[in-house]
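Open the model in your viewer and keep the sequence panel in sight. This tour goes from one selection to the next.

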Amino acid sequence: MKVQRDGTEGTAYRNREILPLDDYLQITGLPFKMSPEMMAETAFFGVHESSFASAEQMTRKYLPARISDSLIRDVTEYAGRKTFEEDNHRACPIDQNLDKIPDKPDKKGILYIMVDGAAINTRLKDEQGST
C-alpha cells in the first residue's frame, strides 16, 4: 500500500513510501492478524452464542469480515486464557496479603446485601424473636 509520510493515503503526491499493510493496519505481531477490537468482537460472539457455528452465523450478520467457527473458537480461547492470566496476576498480591486482613471489622454497623432483587429485612423480628 502506498501511503504519504504523514500516514494519509494518497495517489497524487510525490512523497510516498511503501508500507506493509500489516503495519498500516497496526496488526503486525498480533495473533490471528486481527486488531484487538476485532478480537474482542469475535470473542464476544464466541462467548455469547450457544455454539461456535451459531457465532459464525452472527459474525456474518454483524461484522464486516467472514470468520470461520474454528477461528472464532481459537480467538475466544485465546482471549479467555489472557483474561484468566491477567486475573491471576492481579489476585496474586491479594492472595499473599490475606493474613493481614483483620478478622473483625473496625466499624460497627449493618451490612445490607441484595441478591437477585431479594433483600433481607433487618428491621422486623421474625416469629422466634431474632433479627
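## Start at Thr76

Select Thr76. Leaving out residues up to four places away in sequence, Thr76 touches Thr42, Ala43, Gly46, Val47 and Phe52. This is a predicted model. Thr76 sits in helix 4. Is Thr76 buried or exposed? Its relative accessible area is 12%, so Thr76 is buried.

## The whole chain

Now zoom out and colour by secondary structure. You should find four helices and four strands. Followed along the sequence, their pattern is β-β-α-α-α-α-β-β. The chain has 131 residues, and buried residues make up 15% of them. Next, consider contacts between residues at least 6 apart in sequence. Of these, 28% join residues at least 24 apart.

## Helix 2 against helix 4

Select residues 36–48, which are helix 2, and residues 69–96, which are helix 4. How do two packed helices get described? By the angle between their axes and the distance between the axes. Here the angle is about 100 degrees, and the axes are 8 Å apart. Angles of 65 to 115 degrees count as roughly perpendicular. Helix 2 and helix 4 are therefore roughly perpendicular to each other.

Show side chains where they meet. On the helix 2 side, pick Met39, Thr42, Ala43, Gly46 and Val47. On the helix 4 side, pick Ile72, Val75, Thr76, Tyr78 and Ala79. What kinds of residue make up this contact of helix 2 with helix 4? Seven are nonpolar, three are polar and none is charged. Thr76, your starting point, is one of the helix 4 residues here.

## The largest nonpolar core

In soluble globular proteins, nonpolar side chains tend to be buried together. To see such a group, select Met34, Met38, Met39, Phe45, Ala55, Leu63, Ile67, Ile72 and Val75. These nine residues form the largest nonpolar core. Helix 2 and helix 4 each supply at least two residues of this core. Which helix gives the most? Helix 2 does, with three residues.

Met39, Ile72 and Val75 may look familiar. These three belong to the core, and they also take part in the contact of helix 2 with helix 4.

## Phe45 and its surroundings

Stay in the core and centre on Phe45. At a relative accessible area of 8%, Phe45 is buried. Beyond its neighbours within four places in sequence, Phe45 is in contact with Ala55, Met58, Thr59, Tyr62 and Leu63. Ala55 and Leu63 are fellow members of the core.

Step across to Thr59, in helix 3. With 0% relative accessibility, Thr59 counts as buried. Which residues does Thr59 touch, not counting those up to four places away in sequence? They are Phe45, Ala65, Ile67 and Ile72.

## Aromatic pairs

Show the aromatic rings. How many aromatic pairs does the whole structure hold? A search finds three.

Begin with Phe32 and Tyr78. This pair is edge-to-face, at 5.5 Å centre to centre, with 80 degrees between the planes. It links distant parts of the chain, 46 residues apart. Phe32 lies in the loop between helix 1 (21–24) and helix 2, and Tyr78 lies in helix 4. At 30% relative accessibility, Phe32 counts as partly exposed. At 23%, Tyr78 also counts as partly exposed.

Move on to Phe45 and Tyr62. Their rings are stacked, with centres 6.4 Å apart and 10 degrees between the planes. This pair, too, links distant parts of the chain: Phe45 in helix 2 and Tyr62 in helix 3 (residues 52–62), 17 residues apart. Add Phe44 to the selection. Ring pairs link Phe44, Phe45 and Tyr62 into a cluster.

## Last stop: the loop before helix 2

Most residues other than glycine have a negative phi. Return to Phe32 and check its backbone. Phe32 is not a glycine, yet its phi is positive, at about 70 degrees.

Now select Lys33. Where is Lys33? Lys33 is in the loop between helix 1 and helix 2, where Phe32 is also found. The phi of Lys33 is near 50 degrees, a positive value in a residue other than glycine. Lys33 has a relative accessible area of 48%, so it is partly exposed.

Conventions: Residues numbered from 1 in each chain as written. Heavy atoms only, no water. Axes fitted to C-alpha atoms, helices over the stretch in contact; angles between N-to-C directions. Parallel < 35°, antiparallel > 145°, perpendicular 65-115°, else oblique. Contact = heavy atoms within 4.5 Å. Nonpolar A, V, L, I, M, F, W, Y, C, P; charged D, E, K, R; others polar. Core = buried A, V, L, I, M, F, W, Y, C linked by side-chain atoms within 4.5 Å. Buried < 20%, exposed > 50% of the residue type's maximum accessible area, 1.4 Å probe, protein only. Phe/Tyr/Trp six-rings, centres within 6.5 Å; stacked < 30°, edge-to-face > 60°.
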